[in-house]
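Let's walk through the charged side chains in this one. Have a look at the model first, then we'll go question by question.

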Amino acid sequence: ERGRVKPFSALSGEYPRVLGNTPAMLASSDSTFGIVPARWSEEPQLSAISIYTAYRIAFQGCLTATANGAQYTSVPSNTTAETECRSWMKKFWSRQTDVTQAEVDACVKVAMVDTTKETDPKRRWAYTCASVLTSAGFMTY
């Protein structure tokens with residue numbers, strides 16, 4: 001099957017792997033995603049609460065990841081946003097095929113339109129990063 005939701009046991013290792021840091025919220029969020037009893041198999045389901053929590057975890061990790069990068073000290077441009085979006089998608093989604101232009105355009109829209117009220121460039125980049133980390137490309141197999 002395609003697009004099966006990753007269980008929290010997988011996500012708890014994925015965030016640190018792709019971000020290079022472990023968001024503090026991650027340790028206390030397991031119950032939000034549903035805990036499967038030992039020796040039991042259950043297909044994970046996402047709810048509005050688990051998606052919101054996933055976004056908060058992603059944003060926290062992305063803030064740390066963008067804190068030290070020189071490329072994140074200036075406001076995104078169409079070119080820099082496209083470059084970072086492609087880089088994040090390739091890294092976060094672990095895809096064998098290239099991302100589509102529509103996927104990149106959606107990410108660039110977050111950087112260039114949806115975050116314009118944010119005055120801190122690093123936070124704009126973190127919001128954009130978090131949008132990639134809460135997409136189906138990361139949250140599903």
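What follows is a short Q&A on salt bridges in this predicted model.

Q: How many salt bridges does the structure hold?
A: Side chains of opposite charge can pair when their charged atoms come close. For a salt bridge, the cut-off is a Lys or Arg side-chain nitrogen within 4 Å of an Asp or Glu carboxyl oxygen. Going by that, the count for the structure is five.

Q: Which residues are linked with Glu14 in a network of salt bridges?
A: Glu14 pairs with Lys6 at 3.4 Å, N to O. The Glu14 side chain also meets Arg17, at 2.9 Å, N to O. Put those together and the network partners of Glu14 are Lys6 and Arg17.

Q: Is Lys6 buried or exposed?
A: Buried means under 20% relative accessible area. Lys6 has a relative accessible area of 9%, so Lys6 is buried.

Q: What does Arg17 count as, given its relative accessible area?
A: The band between 20% and 50% is the partly exposed one. Arg17 has a relative accessible area of 44%, whereas its partner Glu14 is buried at 18%. So Arg17 comes out as partly exposed.

Q: Which helix do Glu82 and Arg86 both lie in?
A: Their side chains meet in a salt bridge at 3.3 Å, N to O. Glu82 is partly exposed at 29%, and Arg86 is partly exposed at 31%. The two sit four residues apart, about one turn, in residues 78-93, helix α3.

Notes. Residues numbered from 1 in each chain as written. Predicted model: local features only at pLDDT ≥ 70, side-chain atom pairs only at ≥ 80, totals over all residues. Heavy atoms only, no water. Buried < 20%, exposed > 50% of the residue type's maximum accessible area, 1.4 Å probe, protein only.
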